[in-house]
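Here are my notes for someone opening this structure for the first time. Have it on screen and go through the points one by one.

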Amino acid sequence: MRKSDRRHRTPDQILGPYFPTGRRPATQDDLTAIKGADGLAQGEVIEVTGRILNLDGKPVRGAKLTVWQANTFGRYAHCNDSNPAPLDPNFVGCVCIRSNGDGVYRIKTVKPGAYPAGPDWIRPPHIHFEVHGQFERLVTQMYFPGEPLNACDRLLVSALYPDLLVATLASLEDRPEHRVLNFDIVLTRG
């Protein structure tokens, strides 16, 4: 492989104030339904899929991903979130999954809402990822394409290669029932 064919590492992002603490993350890939409960999460159902790769494009098998996000109203199920937006009792706010043998991961979730991060800052919809590969750890965030708030988000615009943090729309032919976004995550060594 030529050096010019190599990928760029996915940019680091902050862990954020709402990293899950206390209870263990669910070990399921569906954030829209709590096991044993009858209801479903509110909001636009989406699927996020991607691959965990190293800089040479080789899959990272068995990478551990902790994924967390706000609900459709922009509220985290976290004791420090003072946002007055409602909680969703049917939304699983945090999961822990692994990439498969081809480095592929998949989650079904709802599009998170924007929320205030300060008196003059609204965070755009985003999903947090903590990835433990074989040799390294990466904390990053995935942003949604076409979001007006992306252009003024302090964390996104200050990132090296911010375009690598914005998911792309996948084909609707595979799953016409909801939007599918692709978000590949690249580690240095895997």
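1. Start with the aromatic cluster: Y18, Y76 and Y115 belong together in one. Keep in mind that this is a predicted model. Searching the whole structure turns up 6 aromatic pairs. One of them is Y18 with Y115, an edge-to-face pair with 6.3 Å from centre to centre and 70° between the planes. It ties together distant parts of the chain, as Y18 lies in the segment before β1 (45-53) and Y115 in strand β5 (residues 115-118), 97 residues apart. Are these two tyrosines, Y18 and Y115, buried or exposed? Both Y18 and Y115 are buried.

2. Two more phenylalanine rings deserve a look, this time for the charges over them. The charged end of R189 sits over the ring of F135, 4.0 Å from the ring centre. K111 places its charged end over the ring of F144, with 5.6 Å to the centre.

3. Now the sheet. Four strands make an open sheet in the order β3-β2-β7-β8, and the pairing is antiparallel. Why do β3 and β8 each have one side without a neighbour in the sheet? They stand at the edges and have a single partner strand each, so one side of each stays unpaired there. From one strand to the next, the twist averages 20°.

4. Look at β2 and its two partners. With β7 it shares 6 bridges, the two strands running antiparallel. With β3 it shares 5 bridges, again antiparallel. For landmarks, try T66, which stands opposite C96 in β3, and V67, which stands opposite F129 in β7. An edge position doesn't leave β3 out in the open, by the way: 4 of its 5 residues are buried, so this strand is largely enclosed by the rest of the structure.

5. Stay with V67 for a moment, since its surroundings are easy to follow. The residue is in strand β2, and it counts as buried because its relative accessibility is 0%, where the cut-off is under 20%. Setting aside neighbours within four places in sequence, V67 is in contact with G93, C94, V95, I107, I127, H128 and F129. Take I107 from that list: it is 40 residues from V67 along the chain, yet their C-alpha atoms are separated by 8.9 Å.

6. Which residues touch the most other members of the largest nonpolar core? They are V48, I52, L65, Y105 and F129, out of 27 residues in that core. The elements giving two or more residues to this core are β1, β2 (64-69), β3 (94-98), β4 (104-110), β7 (126-132) and β8 (137-143). V48 makes a good vantage point: beyond its neighbours within four places in sequence, its contacts are Y105, R106, I107, I127, F129, M142, L181 and F183.

7. Finish with Q134, as a contrast to the buried residues above. You'll find Q134 in the loop between β7 and β8. Its relative accessible area is 56%, so Q134 is exposed. Leaving out neighbours within four places in sequence, Q134 still has contacts with V60, R61 and G190. Its C-alpha atom is separated by 9.8 Å from that of L187, 53 residues apart along the chain.

Notes:
Residues numbered from 1 in each chain as written. Predicted model: local features only at pLDDT ≥ 70, side-chain atom pairs only at ≥ 80, totals over all residues. Heavy atoms only, no water. Phe/Tyr/Trp six-rings, centres within 6.5 Å; stacked < 30°, edge-to-face > 60°. Buried < 20%, exposed > 50% of the residue type's maximum accessible area, 1.4 Å probe, protein only. Lys NZ or Arg CZ within 6 Å of the ring centre and 35° of its normal. Core = buried A, V, L, I, M, F, W, Y, C linked by side-chain atoms within 4.5 Å. Contact = heavy atoms within 4.5 Å. Pairing = 2+ DSSP bridges. Axes fitted to C-alpha atoms, helices over the stretch in contact; angles between N-to-C directions.
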